[in-house]
Amino acid sequence: MAGRHLKEIFKAFHARDELAFRRAGMEIIEEERAKHHNALARDLQKLLVAGGGPIDSSATLIVPPPPKDREGEWDLGEVKEPERMLEDLILDPALVQTLDGLVEEVRQWPQLDAASIPRRQRLLLEGPPGCGKTTAAEALAAELGRPFLLVRLDAVVSSYLGETASNLRRILDYADQAPFVVLFDEFDALGRSRDDHAEHGEMKRVVTAFLQMTDRYRGPSLLIAATNHSGLLDHALWRRFDEVLTFRKPTVHELRRLLRLRLKRVPHSGLDIERYAGRLKDLPHAAAEKLVTDARRHALLRDSDTVESDDLDAVLANVTSRPW
Ligand SMILES: Nc1ncnc2c1ncn2[C@@H]1O[C@H](COP(=O)(O)OP(=O)(O)OP(=O)(O)O)[C@@H](O)[C@H]1O
Ligand SMILES: [Mg+2]
């Protein structure tokens, strides 16, 4: 382990500078990975992300407070400690490969910069609701050991002319100060002002403004936009993102894997996973997750610590019949 990183970690501790601590931590992890100490690298990364134990939600990140709107009334974003990793998601193998590739690439931005090769810095995640867009953005932050900046688009979008653009500028200036993973979630809301409903021309105008503004962004953060209204964006606009990642509904096989994954640490007996996966056909990943959560609640409420078929059967109709 290079002495330089150790010194940085000690200095960061004294300065109570969490970001500097994370940066040095990530460099140590990358060094270990380069030495093929993969198990150690993975353990260190988990410790860096989650502190090695249950996440203390009261622990505040030491980064400057997120910006507010012009009146100083609303926070334009929220900084979160990312909790979920890519391994918590069941995704199309091609998508997993793209996400892994991006993680590796972001780690090597300095090398890309040195070679004058453009970074892929602005991503669009698109696909139906409940298939992992928000979670994947959070997982990218976790994998990269970066804080997750969730932009509050309801606060950013203003009915005052020009104010939406100023708010976006405030967010980007903030994202210049530290290496965040920034998520503009439900990005299509940018096309809506507070008092007028989604109108295609307006949406196009605002998305174009967003792309122009972020075009010039060369800061340390990864910028991610997510939408489940991909039909509202035309392809000419899409192409201007550095990468478009398409999320899709799970196959029955993927639903089965997801049910198994979510049941892995839950005592259960006699469950016909195959049958439940079949019943969830055409529903999003979120539905499979809810089935397990609801069944666990049902088991607990009847004083059982084991989830059984009766628990899943009792909640199944509610999960499959609700809108997704
Ligand atoms: N591919 C997946 N693998 C495992 N769990 C998933 C997956 N997709 C979604 N989930 C679970 O479903 C819930 C909702 O997922 P998420 O918020 O990421 O969906 P989304 O695509 O952002 O939906 P929306 O378009 O409604 O914002 C999360 O709790 C997440 O754990
Ligand atoms: Mg989402």
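**Helix packing and ligand surroundings**

Helix 1 passes helix 2 in a left-handed crossing, as seen in this predicted model. Helix 1 covers residues 3–15 and helix 2 covers residues 18–34, and the two pack with their axes 8 Å apart at an angle of about 155 degrees. Because angles over 145 degrees count as roughly antiparallel, helix 1 is described as roughly antiparallel to helix 2. On the side of helix 1 the contact is formed by R4, H5, E8, I9 and A12, and these residues meet A20, F21, A24, G25, E27, I28 and E31 of helix 2. By class, the residues in the contact of helix 1 with helix 2 comprise six nonpolar, two polar and four charged.

A further pair is formed by helix 11 (residues 252–263) and helix 13, whose axes come within 9 Å and cross at roughly 35 degrees. The crossing in which helix 11 passes helix 13 is right-handed. Helix 11 contributes L255, L258, L259, R262 and L263 to this contact, while helix 13 contributes H285, A288, E289, L291 and V292. Seven nonpolar, one polar and two charged residues make up the contact of helix 11 with helix 13.

Helix 13, which spans residues 285–301, also packs with helix 14, which spans residues 309–321, at an angle of about 130 degrees and with the axes 8 Å apart. Helix 13 and helix 14 are therefore oblique to each other, and helix 13 passes helix 14 in a right-handed crossing. In this contact A287, K290, L291, D294, A295, H298 and A299 of helix 13 meet D310, D311, L312, A314, V315, L316, N318 and V319 of helix 14. The classes represented in the contact of helix 13 with helix 14 are nine nonpolar, two polar and four charged residues. L291 of helix 13 thus takes part in the contact with helix 11 as well as in the contact with helix 14.

The surroundings of ligand 1 include 20 residues, of which G130, K133, T135, N228 and E289 come nearest. E289 is also listed among the residues of helix 13 that contact helix 11. For T135, an N or O atom in the side chain is 2.5 Å from an oxygen atom of ligand 1, and for N228 a polar side-chain atom lies 2.7 Å from an oxygen atom of the ligand. In addition, a polar side-chain atom of R84 is placed 3.3 Å from an oxygen atom of ligand 1.

Technical notes:
Residues are numbered from 1 along each chain as its sequence is written. Chains are lettered from A and ligands numbered from 1 in the order in which they are written. This is a predicted model: local features need pLDDT of at least 70, side-chain atom pairs count only at pLDDT 80 or more; totals for chains, interfaces and linings use all residues. Side-chain values use heavy atoms; hydrogens and water are left out. Axes are lines fitted to C-alpha atoms, for helices over the stretch in contact, and angles run from 0 to 180 degrees between N-to-C directions. Helices (H or I, at least four residues) and strands (E, at least two) are DSSP runs, numbered from the N terminus. Angles under 35 degrees count as roughly parallel, over 145 as roughly antiparallel, 65 to 115 as roughly perpendicular and the rest as oblique. A crossing is left-handed if the near helix is turned anticlockwise from the far one by less than a right angle, and right-handed if clockwise. Contact means heavy atoms within 4.5 Å. Ala, Val, Leu, Ile, Met, Phe, Trp, Tyr, Cys and Pro count as nonpolar, Asp, Glu, Lys and Arg as charged, and the others, Gly among them, as polar. A residue is near a molecule or strand if one of its heavy atoms lies within 4 Å of it. A polar contact is a pair of N or O atoms within 3.5 Å; within protein, one must be able to donate a hydrogen and the other to accept it, and residues adjacent in sequence count only if both atoms are side-chain atoms.
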